[in-house]
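Hi everyone, thanks for making time this morning. I'd like to walk you through one structure, so please pull it up on your screens.

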Amino acid sequence: MLPEPSRLAQPGPARAERWLSAGGEPARLAFALAEGRTLLDAVAGPLREAGLRGGVVELAGGSFAPFAYVMPALSADPRFAAYYSETFRPAGETRLERASVTYGERDGAPFLHVHGIWTEADGRRRAGHLLPAEVVVRAPARAEAFATPDAAWRVEPDPETNFSLFTPAGGREAAGPGCLLLKLQPNEEVFAAIEAACRTHGLPAARVRGLGSIVRPVFADGRVIPTDASEVLIREGAVRPGPDGAPVAHLDIAVVDVDGAIHEGVLARGANAACITFELCLEAMPA
């Protein structure tokens, strides 16, 4: 029997809406990151030029120097349930394995939230939260954006967590959007929230991409990772109709814990609650 989802008490009042969404017409854009530009500029520039307002970008390959990142950490400040580590700036060239990027805006300017896996110059494989304004492209990575011109990710205050977080904004009201931006609030079971959003928006099947954090992740093979704070990226995700026609989610993730250990695999459905947030892009696909 699977354990109940672990939850982490947050400092502020729970938001009434436990997930938030905005959708629109889907768009894809493939490009290479421009050498010599910051990760922020190299990703946001082509998307803004294409008129895309919000989505998820998947990165693979390439290298960066300089490179800067933080890892998940427990919070010593009662204003936050979880926080970040000190900033790490490894020497030499860092080779990217893969990363998931939320693309949106903060105070009217492009902004990114990036979780990735990489190998540093000393050969160590690491994972965490990249600082895109400080990371510079050395060798171009492959980028593929899954986004929409109709809805945006916009950084807004989240009183429940005391963070400012990406939140869906705008979008079309019609059911069945080809691209749905979906934010999960803390302590919401991830699968249940995704499936509820699909039912609400008339999405019987969808690709699921994005990033977030989980309290004590539980994998389908029985592993339980004892970390309250984590950084997650989705390696492969989908929603498909179950035997009764209702949407059923499947998520294969990579997660880094507070000690820097990386854990990978398929998550157990019904046993994983968001820690601070999840930022997801659901792209409609044939059922």
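I'll go through the core, then the strands around it, then the empty spaces, and finish with one residue.

Before we start, please keep in mind that this is a predicted model.

Let's begin with the core. As a general point, nonpolar side chains in soluble globular proteins tend to be buried together. Here, the largest nonpolar core has 29 residues, and the members that touch the most others are Leu-33, Leu-39, Val-43, Val-57, Leu-59 and Phe-64. Which elements supply at least two residues of this core? They are helix H1, spanning 39-49, together with strands S3 (54-60), S8 (94-106), S9 (109-119) and S12 (142-148). H1 makes the largest contribution, with six residues. There is also a second, separate core of 27 residues, and its members include Leu-203, Ala-206, Val-208 and Phe-219.

Now have a look at H1 itself. Its buried residues include Leu-39, Leu-40, Ala-42 and Val-43, and also Ala-44, Gly-45 and Leu-47. After H1 comes Gly-51, with a positive phi near 80°.

Phe-64 is worth a click too. Setting aside residues up to four places away in sequence, Phe-64 touches Leu-33 and Leu-39, and its other contacts include Gly-92, Glu-93, Thr-94 and Leu-96. The list also takes in Val-135, Val-136, Val-137 and Arg-138.

Next, strand S3. Is S3 mostly covered or mostly open? Mostly covered, with five of its seven residues buried. S3 runs antiparallel to S12, and seven bridges join the two. Within that pairing, Leu-59 has Ala-143 of S12 as its bridge partner. S3 also pairs with S8, again in the antiparallel sense, over six bridges. There, Val-57 is partnered with Val-101 of S8. Remember that Val-57 and Leu-59 were both on the list of core members with the most contacts.

On to the empty spaces. Rolling a probe the size of a water molecule over the atoms shows where empty space is left. The largest pocket holds about 580 Å³. Which residues are closest to its centre? Of the 30 that line this pocket, they are Tyr-84, Phe-111, His-113, His-129 and Ser-164. Strands S7 (82-84), S9, S10 (125-130), S14 (163-170), S16 (206-215) and S20 each give two or more residues to the lining. By class, that lining is made of 18 nonpolar, eight polar and four charged residues.

There is also one cavity of 30 Å³ or more, and the space in the largest cavity is about 50 Å³. Among the residues lining this cavity are His-115, Ile-117, Ala-127, Glu-231, Leu-233 and Val-255. S9 and S10 each supply at least two of the lining residues, and so do S17 (231-241) and S18 (247-256). The cavity lining divides into six nonpolar residues, three polar and one charged.

My last stop is Thr-277, in strand S20, which covers residues 273-284. Why does Thr-277 count as buried? Because its relative accessibility is 4%, and the cut-off for buried is under 20%. Leaving out residues up to four places away in sequence, Thr-277 touches Leu-165, Lys-183, Leu-184, Gly-212 and Ser-213.

That's my tour. Thanks for listening, and I'm happy to go back to any part of it on screen.

Notes. Residues numbered from 1 in each chain as written. Predicted model: local features only at pLDDT ≥ 70, side-chain atom pairs only at ≥ 80, totals over all residues. Heavy atoms only, no water. Helix = DSSP H or I, 4+ residues; strand = E, 2+ residues; numbered from the N terminus. Buried < 20%, exposed > 50% of the residue type's maximum accessible area, 1.4 Å probe, protein only. Contact = heavy atoms within 4.5 Å. Core = buried A, V, L, I, M, F, W, Y, C linked by side-chain atoms within 4.5 Å. 1 Å grid on protein atoms, 1.4 Å probe; cavity = no way out; pocket = protein on both sides within 12 Å on 5 of 7 lines; lining within 4 Å. Points joined across faces, edges and corners; volume = space filled by probe spheres on them. Nonpolar A, V, L, I, M, F, W, Y, C, P; charged D, E, K, R; others polar. Pairing = 2+ DSSP bridges.
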